[in-house]
Amino acid sequence: MSNQAPCSSTAKRRVKYFSKIAKIPQLSAEERERLATVTDQYAFRVNDYYLGLINWEDPDDPIRRLVIPQERELTDWGQLDASNEGAVTVAKAVQHKYASTVLLLVTEVCASYCRYCFRKRLFMHDNAEAIHDTNAIAEGIRYIRDNPQVNNVLLTGGDPTTLMTDQLEPILKALRKIDHVKIVRIGTKTPAFNPYRFIDDQPFLEMLSRYSQPDRRIYFMCHFDHPNELTEASRQALHLIQQAGVICVNQNPIIRGISDNPATMAQLWNELSYIGVPQYYVFQGRPTAGNEPFEVPIAEAYFKVEEAKRRCSGLAKRAKYCMSHESGKIEIIGVDRQHIYLKYHRAKHKRDEQRLLVCRRDDEAFWLDQLRPVQGYRNDFYQGAAEQPQYQTAFDDEFHSRYRGMEFEL
Ligand code: SF4
């Protein structure tokens, strides 16, 4: 870990972007050709700052895994819209699932593309779910104005901080004119992908400070996956964002080979807590098309999260481990020899609010839909569940000993 204070250099750096795998010099010609079949299917974008974090000698380098395609992405797996966001889209680029929260998809561009993105459909050519023309934001603003129960708005996409100041400012200005919108959140991985976007753009920081007010703060929902992303530059960017009056928290999914090691998770959460960026959620990976190489089963992920928490201070381990399911945000609260215990943290339907779910333990399950409720347990979500055959749990003592009390090395 670096203990250095945020650097004070004023030198600007031009970050160069690549959207063609053929342009990545660190890959061999054979790799570039082979991986082009993957980027034909799922979009590719990266920049030279982030490429510089990769140890190219290590084929399993976590940063490499995060942005460089692999052929296994073409494995038949999952759906493009795994949480059925289409069902809660109430107007162009406007999602409304929980009464108090509206999502505005303000761009389909990110400072690089995570290979495991659950919204990769947005980056595909024939997709127009996000707002391309910021004038089109008017419809979303009108919707929010007409729904007084909405007290918080999440700007997402894509990454809203890839917008220029004069593109993002009208959106923030319009939202600040709506009295019932108290919190504006901005989902962003740019502090990890390209911290110079903030370091070198003082007008953007000043714009943030104008709209993050003492009585109504802007939150950055940052997305750091691995401690290697916490460079001196990214720490400086976070510091500047915080100085602009923005509250920063972190959230990320558990991704195989990137963020599924308890020691790595604990290091990330601890280091973030030192710089005032608490971990907010850790997510179960959604079963999204192209994501087969990145998925971790629920039970395994649960034990790894618990092991990571064991290594953290109270401030660092406040995160909830949740699944963003079509029916709501469901916290995985426990796994024992026979059962997996879940609880709705947020629910799409009133009947599910705060609801407890008890399911048969299945160590191969990745998603709620693969779990089976305990026989006799009332559970409307599973139609005809009582008629389903008893499921034999796949528990074995070896699994427990593998993930409990084990020393995980970086
Ligand atoms: S930053 Fe977020 S939206 Fe962008 S590619 Fe990564 S996961 Fe997807």
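In what order do the strands of the open sheet run, and how are they paired? In this predicted model, the open sheet has 12 strands in the order 3-4-5-6-7-8-9-10-11-12-13-14, with mixed pairing. The legends below start with the whole chain and then move in on individual spots.

**Figure 1. The whole chain, with its 12 helices and 14 strands.**
The protein chain has 410 residues, and 41% of them count as buried. If you take the contacts between residues at least 6 apart in sequence, 74% of them join residues at least 24 apart.

**Figure 2. The open sheet, from edge to edge.**
Strands of a sheet pair through backbone hydrogen bonds, either parallel or antiparallel. Here the pairing is mixed across the 12 strands. Which strands sit at the edges? They are strand 3 (89–91) and strand 14 (356–360), each of which pairs on one side only. Going from neighbour to neighbour, the strands of this sheet are turned by 30° against each other on average, ignoring direction.

**Figure 3. Strands 11 to 14, zoomed in on the end of the sheet order.**
Start with strand 11 (residues 320–325) and strand 12 (residues 328–335), an antiparallel pair with 4 bridges. The two form a hairpin, and 2 residues lie between them. To find your way around, look for Met323, whose bridge partner in strand 12 is Ile330.
Next comes strand 13 (residues 339–347), which pairs with strand 12 in the antiparallel sense over 7 bridges. Strands 12 and 13 form a hairpin too, with 3 residues between them. Glu331 is a handy marker: it stands opposite Lys343 in strand 13.
Last is the pairing of strand 13 with strand 14, also antiparallel, over 5 bridges. Here Ile340 has Cys359 in strand 14 as its bridge partner.

**Figure 4. Helix 11 lying across the strands.**
Which strands does helix 11 (residues 298–310) lie across? There are four names to look for: strand 10 (279–283), strand 11, strand 12 and strand 13. Relative to strand 12, helix 11 runs at about 70°.

**Figure 5. Helix 5 packed on helix 8.**
Two packed helices are described by the angle between their axes and the distance between the axes. For helix 5 (residues 165–176) and helix 8 (residues 202–211), the angle is about 0° and the axes are 10 Å apart. So helix 5 is roughly parallel to helix 8, since angles under 35 degrees count that way. On the helix 5 side, the contact is made by Thr165, Glu169, Leu172 and Arg176. Helix 8 brings Pro203, Phe204, Met207 and Tyr211. Sorted by class, this contact holds 5 nonpolar, 1 polar and 2 charged residues.

**Figure 6. The shell around the ligand, and a cis peptide bond at one of its residues.**
Which residues surround the ligand? Cys110, Tyr113, Cys114, Cys117, Arg119, Gly158, Asp159, Lys189 and His223 do. By class, the shell is made up of 4 nonpolar, 2 polar and 3 charged residues.
Pause at Gly158, one of these shell residues. Gly158 sits in the loop between strand 6 (152–156) and helix 5. The peptide bond leading into Gly158 from Gly157 is cis, with omega near 15°.

**Figure 7. Two non-glycine residues with positive phi, Asn84 and Ala93.**
Most residues other than glycine have a negative phi, and most peptide bonds are trans. Asn84 has phi near 50°, a positive value, and lies in the loop between helix 3 and strand 3. Asn84 counts as partly exposed because it has 14 C-beta neighbours inside 10 Å.
Ala93 has a positive phi as well, about 65°. Look for Ala93 in the loop between strand 3 and strand 4 (94–96). Is Ala93 buried or exposed? Ala93 is buried, because 24 other C-beta atoms lie within 10 Å and 20 or more are enough.

**Figure 8. Trp56 in its loop.**
Trp56 is found between helix 2 (48–51) and helix 3 (62–67). Why does Trp56 count as exposed? Because there are 11 other C-beta atoms within 10 Å, and 12 or fewer makes a residue exposed. Leu27 is 29 residues away from Trp56 along the chain, and their C-alpha atoms are separated by 8.7 Å.

Note on methods: Residues are numbered from 1 along each chain as its sequence is written. This is a predicted model: local features need pLDDT of at least 70, side-chain atom pairs count only at pLDDT 80 or more; totals for chains, interfaces and linings use all residues. A residue is near a molecule or strand if its C-beta atom, placed from the backbone, lies within 6 Å of it. Ala, Val, Leu, Ile, Met, Phe, Trp, Tyr, Cys and Pro count as nonpolar, Asp, Glu, Lys and Arg as charged, and the others, Gly among them, as polar. Axes are lines fitted to C-alpha atoms, for helices over the stretch in contact, and angles run from 0 to 180 degrees between N-to-C directions. Angles under 35 degrees count as roughly parallel, over 145 as roughly antiparallel, 65 to 115 as roughly perpendicular and the rest as oblique. Two residues are in contact if their C-beta atoms, placed from the backbone, lie within 7 Å. Two strands pair if DSSP finds at least two bridges between them.
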